[in-house]
Amino acid sequence: MEQSTKNKPRKQYAYEFIKKRILSCEYAPGRHLNEQQLCEAMGGISRTPVRDAVSRLEQEGLLNILPKKGILVSELRISDINRIFEVRMLLEPYVLRRYGNKLDPISLGYFAQVMSDHTKVPSDSFYDLDDQFHGFIMNAMHNQYLLDTYQNISNMNQRLRMLSGTLVENRLADTFAEHRAIIHACQEEHWEAAAEAMIRHLEASRISTFQLIVENEENF
C-alpha cells in the first residue's frame, strides 16, 4: 500500500486509488474490472472496502456495476461533451449572478495576478489552475446538491481532457483572456457581465474540446 495513504481508512484508500486511475484514464472508458483484480492492485486489500469504493464511484457515474458481468468503467462519447457543457452553462453563470457577491476579493486579486500572463504558467499546470478558478467560483454557492452535480461533471471533464490530447497554445492564451474578463467583471461587481463572460468562455471551451477530440477520435 502506498506510503502516503497507508494510514487512511481502507475504504477511503480504495476509493481514492480507483478514482485516481479512472480520472487519469489508466482505467480507460469501457474497461472491465473485477474485485479480485482491484484487491491485488492495492496490495491484497480485502474485498469489503473495494465494494464500498465501487459503490461510491457508481453513484458518481464513473463505474457501472453489471450483474454477473463485473464492473465497467463508464464510457465516454463525443455526445457527452454537449451534456457536460450544458450543465456547466446552467450552473456557472447562475452562481455568478446569484452568489457573486460572496466571492472573496483577495482570491479574485490572486487569480487576476496569476492570469495576467499565460506565458508565466507552465502548460502542465494550466488545468490545475483552471480547476482552481472554476472551483473557487462554484464554492461561493452553498448548495451541496448542485455542488455534487458539478463535481460529477468535473470528473467527466477531467477524463475528456486526458483523452483529447494536449492544449493548443493559442487556446491557452485565449482562456486566460476569457478568465480575466470574468475576474474584471467580478471585481467591478457587475454580476450579469460576469455571467455573460462566463458563457462566452464556456462556449469557446466547448468548441475547442470538440476540435481536440476530432483530432484524437481514435480514443473515443
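Contact here means heavy atoms within 4.5 Å. The structure is a predicted model, and the exercises below work through its sheet, its cores, two helix pairs and three single residues.

**Exercise 1. The sheet**

Task: Work out in what order the three strands of the open sheet lie, and which strands stand at the edges.

Solution:
- Step 1. Strands of a sheet pair through backbone hydrogen bonds, either parallel or antiparallel.
- Step 2. Take β2 and β3 (residues 70–73): they run antiparallel and are joined by four bridges. N64 has L72 in β3 as its bridge partner, and I65 is matched with I71 in β3.
- Step 3. Take β1 and β3: two bridges pair them, again in the antiparallel sense. Here H32 has L72 of β3 as its bridge partner.
- Step 4. Put the pairs together: the order is β1-β3-β2. β1 (32–33) and β2 (63–66) are at the edges with a single partner strand each, so one side of each has no neighbour in the sheet.
- Step 5. Look at the connection between β2 and β3: this hairpin has three residues between the strands, and K68 takes a positive phi near 65° there.

**Exercise 2. The nonpolar cores**

Task: Find which residues of the largest nonpolar core touch the most other members, and which helices supply the core.

Solution:
- Step 1. The largest nonpolar core holds 41 residues, and those touching the most other members are L96, L103, I137, I182 and C186.
- Step 2. At least two residues of this core come from each of α4 (79–99), α5 (105–114), α6 (126–138), α7 (144–164), α8 (169–187) and α9 (191–215).
- Step 3. Follow L96 as one case. Beyond its neighbours within four places in sequence, L96 is in contact with L103, I137, I182, C186, W191, A194, A195 and M198.
- Step 4. Another core lies apart from this one; it has 21 residues, including I22, Y27, I45 and L63.

**Exercise 3. Two helix pairs**

Task: Describe how α6 packs with α4 and how α6 crosses α9.

Solution:
- Step 1. Two packed helices are described by the angle between their axes and the distance between the axes.
- Step 2. For α4 and α6, the angle is about 60° and the axes are 9 Å apart. On the α4 side, R88, L91, E92, V95 and L96 make the contact, and on the α6 side H134, I137 and M138 do. The residues of this contact divide into five nonpolar, one polar and two charged.
- Step 3. For α6 and α9, the axes come within 14 Å and cross at roughly 145°. This crossing is left-handed.
- Step 4. In this second pair, D130, H134 and I137 of α6 meet M198, H201 and L202 of α9. By kind, the residues of the contact are three nonpolar, two polar and one charged.
- Step 5. Compare the α6 residues named in the two contacts: H134 and I137 appear in both.

**Exercise 4. Three charged residues**

Task: Decide whether R171, K19 and E196 are buried or partly exposed.

Solution:
- Step 1. The cut-off needed is this: buried means under 20% relative accessible area, and exposed means over 50%, with partly exposed in between.
- Step 2. R171 is in helix α8. Its relative accessible area is 9%, so R171 is buried. Setting aside residues up to four places away in sequence, R171 touches E178, H201, A204, S205 and S208. The C-alpha atoms of R171 and V214 are separated by 16 Å, with the two residues 43 apart along the chain.
- Step 3. K19 belongs to helix α1 (residues 10–23). With a relative accessible area of 14%, K19 is also buried. Leaving aside neighbours within four places in sequence, its contacts are L57, E60, L62 and N155.
- Step 4. E196 is found in helix α9. Its relative accessibility is 33%, so E196 counts as partly exposed. E196 and E215 are 19 residues apart along the chain, and their C-alpha atoms are separated by 29 Å.
- Step 5. The result: R171 is buried, K19 is buried, and E196 is partly exposed.

Terms used:
Residues are numbered from 1 along each chain as its sequence is written. This is a predicted model: local features need pLDDT of at least 70, side-chain atom pairs count only at pLDDT 80 or more; totals for chains, interfaces and linings use all residues. Side-chain values use heavy atoms; hydrogens and water are left out. Two strands pair if DSSP finds at least two bridges between them. A nonpolar core is a set of buried Ala, Val, Leu, Ile, Met, Phe, Trp, Tyr and Cys residues joined through side-chain atoms within 4.5 Å. Buried means under 20% relative accessible area, exposed over 50%, partly exposed in between (1.4 Å probe, protein chains only). Axes are lines fitted to C-alpha atoms, for helices over the stretch in contact, and angles run from 0 to 180 degrees between N-to-C directions. A crossing is left-handed if the near helix is turned anticlockwise from the far one by less than a right angle, and right-handed if clockwise. Ala, Val, Leu, Ile, Met, Phe, Trp, Tyr, Cys and Pro count as nonpolar, Asp, Glu, Lys and Arg as charged, and the others, Gly among them, as polar.
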